[in-house]
2 protein chains.
Amino acid sequence: MSRRGLLGLAVGGGVAGLAVGMGAGLTGGVALGRARAGEGANPVYEFFGEHQAGITTPVQDHLHFASFDMMPRTDRDDLISLLQDWSYAAARMTQGLEVSASGAVNGPAEAPPDDTGEALGLPAAGLTLTIGFGPGLFENEDGDRYGIASRRPAGLERLPAFLGDDLDPQASHGDLCIQACADDPQVAVHAIRNLSRIAFGRARLRWSQLGFGKTSRTTATQATPRNLFGFKDGTANILADDAAALADHVWVAADDEPAWMTGGSYLVARKIAMLIETWDRVRLSEQDTIIGRDKGEGAPLSGGDEFTAPDFHGSEIDANSHVRLAHPEQNGGVRILRRGYNYVDGNNALGRLDAGLFFLSYQRDPAQFIALQRRLSTDRMNEYIRHVGSGIWAIPAGAAPGSYVGAELFA
Amino acid sequence: MSRRGLLGLAVGGGVAGLAVGMGAGLTGGVALGRARAGEGANPVYEFFGEHQAGITTPVQDHLHFASFDMMPRTDRDDLISLLQDWSYAAARMTQGLEVSASGAVNGPAEAPPDDTGEALGLPAAGLTLTIGFGPGLFENEDGDRYGIASRRPAGLERLPAFLGDDLDPQASHGDLCIQACADDPQVAVHAIRNLSRIAFGRARLRWSQLGFGKTSRTTATQATPRNLFGFKDGTANILADDAAALADHVWVAADDEPAWMTGGSYLVARKIAMLIETWDRVRLSEQDTIIGRDKGEGAPLSGGDEFTAPDFHGSEIDANSHVRLAHPEQNGGVRILRRGYNYVDGNNALGRLDAGLFFLSYQRDPAQFIALQRRLSTDRMNEYIRHVGSGIWAIPAGAAPGSYVGAELFA
């Protein structure tokens, strides 16, 4: 595959594989997140559309998240061609196709295959690929490398330090990100691997994270999953069919700045290590108090069931419980769309599992996350967690069919 | 949970949860690997039986493999109680139950819960838990700690060094192992986490490995999966319904030594890092030559389809191709049962994915693996792989209902 081997195809947009289903996803408020075939066993999601897929899409079972840095001495054309190539290949892979028509086995025998092949025979598995731009892409110590510094969203900067941060640079930041979600981890891994390969010479993988089990839900029909503390998580998440909440809290509006971000969002990633062996020695009543919900049902300690609104007027819910501090009612109505996953990265030398939550949230403005995270500074749960990774990216709107993610930034 | 809190229950065997399905799995040659409910979406496998589950069981989608070392100053009673407690909890978890009747939320509020809770609401997901004994359990630099040195199987010793080994002690060896396989990674992780917790004070997690996507099949109805080189793997594996091959190559026979291993097997684990970025630059024809099969169909280069026997008489299949060197016909009929998984552990500082194959094989005698691995010393594939982890464990027969894995060793 030549360095820009896919470019011609990408801008043309007339390739057979891409033509399938084009034009769908461009109508309606929350058009993405719609399975085109086999809603159950093998959903297929549009890549093109008003918004990028992978935000309101029903949360898939597996995550491979990747952060990239642009290579030294790359220019604006390199960046544009990379985004075009990524969009082209992403549009194909999300439809269950190989990265190109010749793929793993149909190209010339005397050349390396375009596609690495480990997803041959596997369905789309609900794959979504969501592409974002980090603060350093707009301007870093090398200056305005791509001529876009003036177009940087005002809020797109590295997150401020929070109490208790213990960030590993090898799990933080990055010029670009790709969130790959699928119901089969081999499909998500295949996508990140092939997009890394396509980036050769232009961008390089900085860090990546696998996740499973999800810790959020984005549709009312998904059961609320449990995090590695054993508690239900995401009960009060913004759901994909709540158009008003999405408009208020998730999507960048037409009168927000900058205009090229209209229909986009901002993604915050936080790798949160959980001290699970310590947590597991906490008595049940104390665990409930720390969270502010009961472990079994997930009901607020003020009473009711999982979906009963917490009543913060009485004393049942501790003043520094997680549910109280994180609740919109206690934060001037601030809400975010959460989409995180559990992770286990083996174990440390003491025999403790290196495990936790890979937190992902989408919001209309990074200030929403910052306000909530500051509010959590007295969270009683902090004794059992460490934030070890952090990143923020602008997530442009979805690409129009035949175009590419971020085209408006370069227009 | 007291240090031996589960012991009384385990030896009694009369707990309601355990009573379910007891006695099944003890008849017939390959009784294990049988789903009791919902073969498709939610299989449930017996823990008790003639053989341990997780060997001929249809390969599940996810793996969490854990290696443990016994703690200093533990004695024979500690080891026996640990195996009893593990067997008790494993028998429950494989049936979709919590580790104990009080579990995550039904115990006293003023005590830490018995179960960590993150699998609450999840089905059994085909969970199998397979327990093994490493060479060091029988005798190590501290001597015969558990009074079992005289009962060590002659072949159970650390594998010899192989050409190209680059072993990381943090991914190798261990006194005990548990192979957790399930169709939901959260279920497999929950099992290893809770078994580690139960081991507190007696054994400590040494290393663990997550895997996905499997690279083998053990039933004819499973499609042959692909490894991260993009090739089908496991085409010629021993299948669960091939009783003759299992008897010849996998299960320790009654006239093998030692007698306590009858009905057991030997497990070899090899963590094999794949240099996938290098592999991905190899031309398709060369990839095919190295493997000896074509990438698309998995057919041997001598012709036919995936399941056609390779013909090694002609020159189509390279003398040092993987398929030729590994084939039973080229190895005096030696066969093994493979049960490996793909892994991705993030990436290294160069931006290359830290990925490969977590190879697992079961055999009647460790000499089978050693012979095959030595034969692979000239494998052309070696240029693209590195063996970075290694372990060997004796896998006792399955436990009788109410008993525990390894009881015969201490009889």
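## How α3(A) and α5(A) cross

In this predicted model, α3(A) and α5(A) cross with a right-handed sense. The two helices of chain A are α3, covering residues 76–94, and α5, covering residues 185–198; their axes come within 10 Å, at a crossing angle of roughly 155°. Angles over 145 degrees count as roughly antiparallel, so α3(A) runs roughly antiparallel to α5(A).

Who does the touching? On the α3(A) side, the contact residues are A:D85, A:W86, A:A89 and A:M93. Facing them from α5(A) are A:H190, A:A191, A:N194, A:L195 and A:I198. Sorted by class, this contact has six nonpolar residues, two polar ones and one charged one.

## Two copies, one rotation

Now for the pair of chains. Turn chain B by 180°, with 0.0 Å of shift along the rotation axis, and it superposes on chain A with an RMSD of 0.0 Å. The two copies are therefore related as by a two-fold rotation axis.

If you want a landmark for that axis in chain B, go to B:D345: its C-alpha is the nearest one in that chain, 3.5 Å from the axis. Both copies use the same surface for their contact, as 100% of chain B's contact residues recur in chain A.

## The annotated C-terminal stretch

On the record side, an unreviewed UniProt entry puts the feature "domain: Dyp-type peroxidase C-terminal" at residues 224–399 of chain A. In the model, that span is 19% helix and 23% strand. The C-alpha atoms at its two ends sit 31 Å apart.

Methods
Residues numbered from 1 in each chain as written. Chains lettered and ligands numbered in written order. Predicted model: local features only at pLDDT ≥ 70, side-chain atom pairs only at ≥ 80, totals over all residues. Heavy atoms only, no water. Least-squares fit on C-alpha atoms with pLDDT ≥ 70 in both. Contact = heavy atoms within 4.5 Å. Axes fitted to C-alpha atoms, helices over the stretch in contact; angles between N-to-C directions. Helix = DSSP H or I, 4+ residues; strand = E, 2+ residues; numbered from the N terminus. Parallel < 35°, antiparallel > 145°, perpendicular 65-115°, else oblique. Left-handed = near helix turned anticlockwise from the far one by under 90°. Nonpolar A, V, L, I, M, F, W, Y, C, P; charged D, E, K, R; others polar. UniProt positions renumbered as here; feature names shortened; annotations may be inferred.
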